[in-house]
Structure formats: structure tokens, C-alpha cells
Amino acid sequence: MKKGVFITIEGGEGAGKSTLIERLSNKMLQRGKSVITTREPGGIPIAEQIRAVILDRKHVTMDARTEALLYAAARRQHLVEKVVPALEQGQIVICDRFVDSSLAYQGHARGLGMDEVWAINQFAIQELMPDLTIYMDVTPEVGLERIAQASDREINRLDLEKHSFHEKVREGYMRLLHQNPNRMVLINAEQSPDLVFNDVLTAIDARFAGFFVIDV
Ligand code: TMP
């Protein structure tokens, strides 16, 4: 079955995931690795359409469970259509967000309960978990300020949540880190992009020693 490596990147708003993912993928390509980058919700047409529905700022009446189910539906389709085939071909898949986002945002911050959200996601992912999850840690103050400064970044429905929501998201991720010390690594994402990148490469090397060493 699975031969590739599945790496997910997590974090609150403005954590710098996109910049990191681009650099990481370039580095792996330079080292002759076969790598794809993708994102959730989205990554394929059906899931991008679900993304548009979820994040539409007009959809203020969206129920929290509906939201959780839509994320899980987008995840399912994206896994089946894109992630699993790439892993079966032996590729490295770097995915911007995965199930931990649902656990932190819908489970903890929205208050649906992490166990409940895990249950619907188990149905969606059927045991396929990442080999490594990088959690990019920033305080909401720093993350939201970065978004406010970035003119090219569209503000979505979840960005508009109150400050306390983003605090809860971070708290949710901290719980997940505590529960999954072997799979998840915390990176201080308030550092400069170069230092963040270095820390991430070190974490990847430590996790996959001997499989794909990436020189800095
Ligand atoms: P992005 O801005 O990182 O592309 O993510 C889109 C938004 O969707 C972001 O606010 C986080 C949120 N999200 C969830 O709430 N649950 C999920 O399962 C996923 C994948 C994203």
C-alpha cells in the first residue's frame, strides 16, 4: 500500500505555512525527491468548491456541525483523489492542514468536542494519518497582525472570528501536541523565516533519519 511520506503542516492564522511549504518543497526537489504540495480544504476541484462554500463570508448562518462535516467531506475526496495515489507512487506529500485543523478549530475552538470531531474524521480518513505533523506556533496577536499586513491574503470567514476563538485554536493544538508527541513537532513560527525553515529541516531529519536527509 503506502510507500511515500505524508507530512502535514498545521497552525493558526498567519503562522507562515505557505512560505514554509514552498521552501520545503523546493529543497526536496533540489535533493532529487519526488514531492507534491497540496492544501486543505481544497487541492482538487471538488474540494476547492467545498472550500468556497465553507469560507464564504456571506455564510454567517453556517452551523458548526455542518462546517465540520464539510471539512471532513473535502478531506475525504482530497485523500482519495490526490493524497493516496501520490503516496502509492512513493511521493512525498506535503499538505497544508489536515485532520488536526478540524480537531483544533471545530473540535476545540467551536466547542463540538475533539472526540466527536475525531469520530466523523475517522469515517473520512480510515486510519490514514500523517507520518509527521509540523505545528507552526504563533500567538494570535502576531498571526492576525501578519494577515492584516499581507495585502495579497484574502480575509475568510474564520479569520473574522473573535480573538478568543484563535486563542482556543492554539489551545486545541497544544492538546494535540501533548497527545501525539511522536507524530507532532512544535516549531516557534514567530522567528524569522530562515530560522523557522532550519528548525523544520532539523525536525524532518530527526524523524526520517536515513530516509531522506535534506542538507540545509
Ligand atoms: P487556510 O487559511 O490555512 O487555507 O485555512 C482555511 C481556514 O479553514 C482556516 O481558517 C482554518 C480553517 N480550517 C478549519 O477550521 N478546519 C479544517 O479542518 C481545515 C482544514 C481548515
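These legends accompany close-up views of a predicted model.

**View 1. The ligand and its shell of residues.**
The ligand has 16 residues around it. Glu13, Lys17, Arg97, Ser102 and Gln106 come nearest. Sort the shell by class and you get seven charged residues, five nonpolar and four polar. Several helices take part. α2 (45-55), α3 (64-88) and α4 (99-109) each give at least two residues to the shell. The largest share comes from α4, with four residues.

**View 2. Oxygen atoms of the ligand beside three side chains.**
Three side chains are picked out here: those of Glu13, Arg75 and Ser102. In the side chain of Glu13, an N or O atom is 2.9 Å from an oxygen atom of the ligand. For Arg75, an N or O atom of the side chain is also 2.9 Å from a ligand oxygen. At Ser102, the distance from a side-chain N or O atom to an oxygen of the ligand is 2.5 Å. How much of the ligand does the protein cover? On its own, the ligand has 480 Å² of accessible area, and the protein covers 95% of that.

**View 3. The largest pocket, with the ligand in place.**
Which space does the ligand take? The ligand takes the space of the largest pocket. This pocket has a volume of about 950 Å³. Its lining is made of 34 residues. Glu13, Lys17, Arg51, Arg153 and Asn156 lie nearest the centre of the pocket. Look back at View 1: Glu13 and Lys17 are also among the residues that come nearest the ligand.

**View 4. The lining of the largest pocket, helix by helix.**
Trace the pocket wall along the helices. α1 (17-30), α2, α3, α4 and α6 each supply at least two lining residues. Which helix gives the largest share? That helix is α4, with four residues of the lining. By class, the lining of the pocket holds 15 charged, 10 nonpolar and nine polar residues.

**View 5. A cavity in the structure.**
How many cavities of 30 Å³ or more does a search of the whole structure find? The search finds one. The largest cavity holds about 80 Å³ of space. Its lining includes Gly12, Glu13, Tyr135, Val138 and Thr139. Pro140, Leu144, His166, Val169 and Arg170 line the cavity too. Glu13 therefore deserves a second look, as a name to find in several of these views.

**View 6. Helices around the largest cavity.**
Two helices, α6 (140-149) and α7 (163-179), each supply at least two residues of the cavity lining. α7 gives the most, with three residues. Five lining residues are nonpolar, three are polar and two are charged.

**View 7. The cis peptide bond at Pro41.**
Find the bond that joins Glu40 and Pro41. This peptide bond is cis, with omega at about -15°. Where is Pro41? Pro41 lies in the loop between β2 (35-39) and α2. At its far end, this loop leads to α2, a helix that gives at least two residues to the ligand shell.

**View 8. Arg97 and its positive phi.**
Arg97 is not a glycine, yet its phi is positive, at about 80°. Arg97 is found in the loop between β3 (92-96) and α4. Arg97 is also one of the residues that come nearest the ligand.

How values were computed
Residues are numbered from 1 along each chain as its sequence is written. This is a predicted model: local features need pLDDT of at least 70, side-chain atom pairs count only at pLDDT 80 or more; totals for chains, interfaces and linings use all residues. Side-chain values use heavy atoms; hydrogens and water are left out. A residue is near a molecule or strand if one of its heavy atoms lies within 4 Å of it. A polar contact is a pair of N or O atoms within 3.5 Å; within protein, one must be able to donate a hydrogen and the other to accept it, and residues adjacent in sequence count only if both atoms are side-chain atoms. Accessible areas come from the Shrake-Rupley method with a 1.4 Å probe; for residues, only the protein chains shown count as cover. On a 1 Å grid over the protein atoms alone, a cavity is a set of points where a 1.4 Å probe fits but cannot get out, and a pocket is an open set with protein on both sides within 12 Å along at least five of seven lines; lining residues have an atom within 4 Å of a point. A molecule sits in a cavity or pocket if more than half of its atoms lie within 2 Å of its grid points. Ala, Val, Leu, Ile, Met, Phe, Trp, Tyr, Cys and Pro count as nonpolar, Asp, Glu, Lys and Arg as charged, and the others, Gly among them, as polar. Grid points are joined across faces, edges and corners, and a volume is the space filled by probe spheres set on the points.
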